[in-house]
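User: I am new to this structure and would like to go through its main features step by step. Please show the sequence and the model.

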Amino acid sequence: METGLAGKRVLVTGASGGIGGACAREFVGEGSRVVIHYHEGRERAEALGRELGGAPIVGGDLRDEDAVDELFRRSVDELSGLDVCVAVAGKWPEEDVPLWELPLERWEATLRANLTITYLTARAFLREVERNGHGSLVMIGSTAGLFGEAGHADYATAKSAIVHGLLLSLKNEIVRVAPRGRVNVVCPGWTESPMTRTTLTDPELVRRVTRTMALRKVARPEDVARQVVVLASDELSGHVTGQVVTVAGGMEGRLLHHDPK
Ligand SMILES: NC(=O)c1ccc[n+]([C@@H]2O[C@H](COP(=O)([O-])OP(=O)(O)OC[C@H]3O[C@@H](n4cnc5c(N)ncnc54)[C@H](OP(=O)(O)O)[C@@H]3O)[C@@H](O)[C@H]2O)c1
């Protein structure tokens with residue numbers, strides 16, 4: 001089936017990471033022109049740029065609004081406009097901390113590194129949509145935002161806000177400036193990537209996290225990226241907006257208690 005994405009101009013934030021990198025590869029596979037965004041992983045972004053035939057790379061800390069605006073200015077310069085934006089960049093704080101011990105500093109940092117950077121990215125893209133009259137935005141949520149995540153209430157809260165309030169507002173706002181404009185979310189569950197590499201080396205943890213999934217496996221980044229491509233495509237998803245596609249093997253929740261040894 002044709003995605004109609006050939007020649008489309010796509011910005012992928014967090015493309016130096018596992019899921020973002022897979023998104024960039026899938027879009028290039030469809031013939032799109034892609035800007036690869038990175039933050040600290042310049043070398044990874046450069047390697048991906050070379051792999052993808054010289055795709056442009058642009059760096060920036062997206063917690064900073066000037067950096068976000070600069071990313072969009074340079075992406076529009078590189079591609080002469082943008083048709084699609086995939087807001088992948090985000091950060092899961094590894095340490096498990098219950099709310100009663102969670103410092104305000106970490107709470108604010110996690111909201112900024114997930115919710116605020118997605119808001120700033122969406123804002124900059126919607127300004128481009130306002131200029132062009134068209135555009136498709138795909139944001140990355142998480143099953144943490146659907147089921148909650150004990151020890152990571154900060155991250156779960158940030159992702160819930162993306163998956164609900166932000167998504168449902170933006171799908172109604174975008175059509176004020178682009179009658180066919182669309183906004184959707186993909187929620188990955190546990191996915192192999194640099195973000196989870198350390199955690200997922202524990203086979204007992206993998207057994208536990210896969211026990212509420214019908215399809216008992218940790219996702220590969222490509223599993224997530226292909227759903228992003230489907231939602232981004234006007235050909236395949238032209239009448240789909242405000243939707244959340246969960247890529248988590250049919251996960252139904254979380255195991256809340258460990259069995260005693
Ligand atoms: N892996 C999972 O199990 C999983 C599950 C649910 C949701 N997710 C979500 O999926 C998205 C991608 O995660 P991933 O697994 O691919 O992790 P990853 O490999 O660690 O990638 C994260 C990406 O975000 C970028 N980034 C982080 N902080 C940034 C900042 N302040 N400014 C700009 N860019 C920043 C990183 O850039 P640099 O590396 O260049 O610094 C990297 O490209 C995230 O939003 C994450 O929350 C992942």
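User: In what order do the seven strands of the open sheet lie?

Analyst: This is a predicted model. Its open sheet is built from seven strands, and their pairing is parallel. Across this sheet, neighbouring strands are turned against each other by 20° on average, direction ignored. The strand order is β3-β2-β1-β4-β5-β6-β7.

User: Which strands stand at the edges, each with a single partner strand?

Analyst: A strand with a single partner has one side left without a neighbour in the sheet. This applies to residues 57-59 and to residues 244-247. The edge strands are therefore β3 and β7.

User: Which residue in β7 is the bridge partner of P188?

Analyst: Strand β6 covers residues 182-188 and pairs with β7 in the parallel sense, over four bridges. For P188, the bridge partner in β7 is V247.

User: At what angle does helix α8 run to β6?

Analyst: Helix α8 comprises residues 221-232. The helix lies across β4, β5, β6 and β7. Relative to β6, the angle is about 170°.

User: Is S237 buried or exposed?

Analyst: S237 has its place in helix α9, residues 234-237. A residue counts as buried under 20% relative accessible area. The relative accessibility of S237 is 3%, so this residue is buried.

User: How far is the backbone oxygen of V230 from a polar atom of the side chain of S237?

Analyst: Leaving aside neighbours within four places in sequence, S237 is in contact with R182, V230 and L231. For V230, the backbone oxygen and a polar side-chain atom of S237 are separated by 2.5 Å.

Definitions and conventions. Residues are numbered from 1 along each chain as its sequence is written. This is a predicted model: local features need pLDDT of at least 70, side-chain atom pairs count only at pLDDT 80 or more; totals for chains, interfaces and linings use all residues. Side-chain values use heavy atoms; hydrogens and water are left out. Two strands pair if DSSP finds at least two bridges between them. Helices (H or I, at least four residues) and strands (E, at least two) are DSSP runs, numbered from the N terminus. Axes are lines fitted to C-alpha atoms, for helices over the stretch in contact, and angles run from 0 to 180 degrees between N-to-C directions. Contact means heavy atoms within 4.5 Å. Buried means under 20% relative accessible area, exposed over 50%, partly exposed in between (1.4 Å probe, protein chains only). A polar contact is a pair of N or O atoms within 3.5 Å; within protein, one must be able to donate a hydrogen and the other to accept it, and residues adjacent in sequence count only if both atoms are side-chain atoms.
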